[in-house]
Amino acid sequence: SPVPGCSTKAARAIARLAKEGDSYQATIAKAGGITMIVGLLADGSGDSAMHRRGSVAGIGRSSPEEAERLKETARALWHLSENNAANQSAIAMEGGIAPLVGLLSASNLQDEVHRDAAGAIWSLAAAPANQVAIAAANGIAPLVALLSGQSSALAKDTAAGALCVLAAHPDNRVAIAKAGGVPALVALFGA
């Protein structure tokens, strides 16, 4: 079980290692890191039996510690899935998509949490099966909302990148348009 207070730092370290590329991403996955990080995001404990529900632990709390934990776990999933098809699949199979969408939808979280969740969705969407799963988890509307809200330029850029990859699937193009994505994307030209 996780050591109290250490999970945020561990997720930050995992994110930094995973950002360095395939060999680190594979080592982390082999060590069970994906299961633990998805569990940490979904239920706060790292318990893999609990995290398939799609809830996000700590999302209703606004403490700086909880926000930091959520940001670092989302960032770890982003870097674990970046250009890594095996990890993209494993994160989806572990139930990582729904809690990431939950982070995108939570209005009480810091902009950085939304950006890192959008980044993870962006990386996960490189897998065609995940494009369908993200849409099924209602992930398109909150990405569009990031574009038109009070989000930072970095969060908007990351959300636009995620929508770009999701738009590779024909059904997602329709969903993006229905969610108001076209005018939101066009508005970025003037930003």
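**Gln88 and its surroundings in an all-helix chain**

I will start with one side chain: that of Gln88 reaches the backbone oxygen of Ser81, at 2.9 Å. Please keep in mind that this is a predicted model.

Where does Gln88 lie? In helix 5, which spans residues 85-93. Is Gln88 buried or exposed? Its relative accessible area is 4%, and the cut-off for buried is under 20%, so Gln88 counts as buried. As for what surrounds Gln88, I leave aside the neighbours within four places in sequence. The residues in contact with Gln88 are then Ser81, Asn83, Ser123, Leu124, Ala126, Ala127 and Asn130. Ser81, the residue whose backbone oxygen the side chain reaches, is thus also on the contact list.

Asn83 is on that list as well, and I want to stay with this residue for a moment. Asn83 sits in the loop between helix 4 and helix 5. Its phi is near 55°, which is a positive value in a residue other than glycine. Most residues other than glycine have a negative phi. Asn83 has a relative accessibility of 73%; the cut-off for exposed is over 50%, so Asn83 is exposed. To put the two side by side: Gln88 is buried, Asn83 is exposed, and they are in contact.

A second asparagine to look at is Asn138. Its phi is near 60°, again positive in a residue other than glycine. Asn138 is found in the loop between helix 8, residues 128-136, and helix 9. At 58% relative accessibility, Asn138 also counts as exposed.

Now the chain as a whole. How many helices and strands does the chain have? There are 12 helices and zero strands, so along the sequence the pattern is α throughout, by the DSSP assignment. The chain has 191 residues, and 47% of them are buried. Of the contacts with a separation of 6 or more, 68% are between residues 24 or more positions apart. The chain exposes about 8,800 Å², with 59% of that supplied by carbon and sulfur atoms.

Last, the core. The largest nonpolar core has 41 residues. Which of them have the most contacts inside this core? They are Leu77, Leu100, Leu103, Ile121 and Leu143. The elements that give two or more residues to the core are helix 1 (7-19), helix 3 (33-43), helix 4 (64-81), helix 6 (97-105), helix 7 (111-124), helix 9 (140-148) and helix 10 (153-166).

Notes:
Residues are numbered from 1 along each chain as its sequence is written. This is a predicted model: local features need pLDDT of at least 70, side-chain atom pairs count only at pLDDT 80 or more; totals for chains, interfaces and linings use all residues. Side-chain values use heavy atoms; hydrogens and water are left out. A nonpolar core is a set of buried Ala, Val, Leu, Ile, Met, Phe, Trp, Tyr and Cys residues joined through side-chain atoms within 4.5 Å. Buried means under 20% relative accessible area, exposed over 50%, partly exposed in between (1.4 Å probe, protein chains only). Helices (H or I, at least four residues) and strands (E, at least two) are DSSP runs, numbered from the N terminus. A polar contact is a pair of N or O atoms within 3.5 Å; within protein, one must be able to donate a hydrogen and the other to accept it, and residues adjacent in sequence count only if both atoms are side-chain atoms. Contact means heavy atoms within 4.5 Å. Accessible areas come from the Shrake-Rupley method with a 1.4 Å probe; for residues, only the protein chains shown count as cover.
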